[in-house]
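Colleague: Could you take me through one part of this model up close, and then show me how the rest fits around it? I'd like something I can follow with the structure open beside me.

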Amino acid sequence: MLDLLTERFSKSLSKLRGVRKLTEKQVNDILRDIRMALLEADVDYDVVKSFLKKVRDRAINEDIKNKLSPADSVVLTVYEELTSILGGEKADLKRGVVIFVGLQGTGKTTTIGKLANFLKNQSFKVAVSSTDVRRPAAMLQLQRLAEKVGVPYYSFDEASPVEIATKALERAKKEGVDYLLIDTAGRLHIDEELMEELKRIKEAVKPSEVIYVADAMQGQEALRALKAFHESITLTGVILTKMDGDARGGVALSVKEAIGVPIKFVGVGEKLEDIEIFYPDRIAQRILG
Ligand code: GDP
């Protein structure tokens, strides 16, 4: 996960070790290294530009008055700005109805299983349901996962997606569920019909969270789809899957700046346990090596 950035950043910043006085050339060299690394990692171009501007402004303005050595000050600045573009604070998952949206094949259903397991292990009462009525196999996949985790799967015969969501919410309330996780249809492409269906489900159950599940390996493509979903139905969070297979990690560094919505979890493998809370500060620290 984020191996490329970790390698490049730590190599570049290690040049500063022991340096007492920074020349402008040294600052420019570091900024150039950082720019190359971020672009190579497939970080959104606008994000790279604004990141570099912030680091440059702070490096130039603060190194004189800062109590730290100039080199430490640059490292600290990069760390703080990295934490900030990764989202700043760790984001919580609000209790209530959590709707999962996204394109087909991104890992949505698997992620719901992982989260159900994660939340159950934290002693929350969890239930899951699927509104993907056009793909019985997808519904069955979630049902099997629910059985494996040991949480109830709510199913309602011959109901429409909106009816399923509504009935699932009624049942969840009756049973005192903390988190009702609802899967939605994932299409191969974004289409109007899908967006309308999602809007109707959202209207019916007033979710506490609308989580977009994105495949990190799809890079900029994932970011475009994410923006389109956010414009249409307003998301509250993002889960990035397949971070284990993506050494670049550009999406992770672009999401917050691009749409202002935090990444809440990352998927790091195919097993039920392979999900991690997204901690911006720890990740920034890891990147700096
Ligand atoms: P959906 O169509 O969006 O519901 O996607 P699925 O949940 O069926 O997942 C599609 C494929 O991605 C499956 O083979 C999953 O095992 C795999 N997958 C999901 N999340 C991850 C992850 O974090 N890492 C890896 N390596 N594979 C994942």
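In which helix is Ser 12 found?

Modeller: Ser 12 is found in helix H1, which covers residues 3-14. Keep in mind as we go that this is a predicted model. Ser 12 has a relative accessible area of 5%, and because buried means under 20%, this serine counts as buried.

From there, have a look at Thr 77. In sequence, Ser 12 and Thr 77 are 65 residues apart, and their C-alpha atoms sit 14 Å from each other in space. Thr 77 belongs to helix H4, made up of residues 70-85. At 1% relative accessibility, Thr 77 is buried. The side chain of Thr 77 has a partner too: one of its polar atoms lies 2.7 Å from the backbone oxygen of Ser 73.

Now zoom out for a moment. The chain has 289 residues, and 53% of them are buried, so Ser 12 is in that group with its 5%. The secondary structure adds up to 11 helices and eight strands. Along the principal axes, the C-alpha atoms fill a box of roughly 70 × 40 × 30 Å. As for confidence, the average pLDDT of the chain is 91, and 98% of the residues score at least 70. The model as a whole comes with an ipTM of 0.99 and a pTM of 0.93.

Next, the ligand. It has 17 residues around it, and the closest are Gly 105, Thr 109, Thr 110, Asp 244 and Glu 270. Helix H5, residues 108-121, supplies the largest share of that shell, with four residues. Sorted by class, the shell has 10 polar, five charged and two nonpolar residues.

Three contacts with the ligand are worth finding on your screen. Glu 270 puts a polar side-chain atom 2.6 Å from an oxygen atom of the ligand. With Gly 105 the backbone is involved instead: one of its N or O atoms lies 2.8 Å from a ligand oxygen. Lys 114 uses a polar side-chain atom, 3.3 Å from an oxygen atom of the ligand. On its own the ligand has 580 Å² of accessible area, and the protein covers 78% of that.

There's a database note to go with this. In an unreviewed entry, UniProt places the feature "domain: SRP54-type proteins GTP-binding" at residues 262-275. In the model that span is 43% strand and 0% helix, and its two end C-alpha atoms lie 16 Å apart.

Now for the stretch that runs from strand S6 to helix H10. Start with Leu 240, which sits in strand S6. Leu 240 is buried, since its relative accessible area comes out at 0%. Ala 228 is 12 residues from Leu 240 along the chain, and 16 Å separates the C-alpha atoms of the two.

Strand S6 covers residues 237-241, and Lys 242 is in the loop between S6 and H10. Lys 242 isn't a glycine, yet its phi is positive, at about 60°. This lysine counts as partly exposed, because its relative accessibility is 29%. Asp 246 is in the loop between S6 and H10 as well, but Asp 246 counts as buried, at 4% relative accessibility. The side chains of Asp 246 and Arg 248 are joined by a polar contact of 3.3 Å.

That brings you to helix H10, residues 250-259, where you'll find Ile 259. Ile 259 is buried too, so you'll see little of it from outside at a relative accessible area of 13%. For a sense of scale, try the pair Ile 259 and Val 27: they're 232 residues apart in sequence, and 30 Å apart from C-alpha to C-alpha.

One last stop, back toward lower residue numbers. Asp 42 is in the loop that connects helix H2 (24-40) and helix H3 (45-62). Here again the phi is positive, about 70°, although Asp 42 is not a glycine.

To come back to where you started: Ser 12 is in helix H1, and its C-alpha is 14 Å from that of Thr 77.

Conventions:
Residues are numbered from 1 along each chain as its sequence is written. This is a predicted model: local features need pLDDT of at least 70, side-chain atom pairs count only at pLDDT 80 or more; totals for chains, interfaces and linings use all residues. Side-chain values use heavy atoms; hydrogens and water are left out. UniProt positions are given in the numbering used here, feature names are shortened, and annotations may be inferred rather than shown by experiment. pLDDT is the predictor's confidence in each residue, from 0 to 100. A residue is near a molecule or strand if one of its heavy atoms lies within 4 Å of it. A polar contact is a pair of N or O atoms within 3.5 Å; within protein, one must be able to donate a hydrogen and the other to accept it, and residues adjacent in sequence count only if both atoms are side-chain atoms. Accessible areas come from the Shrake-Rupley method with a 1.4 Å probe; for residues, only the protein chains shown count as cover. Ala, Val, Leu, Ile, Met, Phe, Trp, Tyr, Cys and Pro count as nonpolar, Asp, Glu, Lys and Arg as charged, and the others, Gly among them, as polar. Buried means under 20% relative accessible area, exposed over 50%, partly exposed in between (1.4 Å probe, protein chains only).
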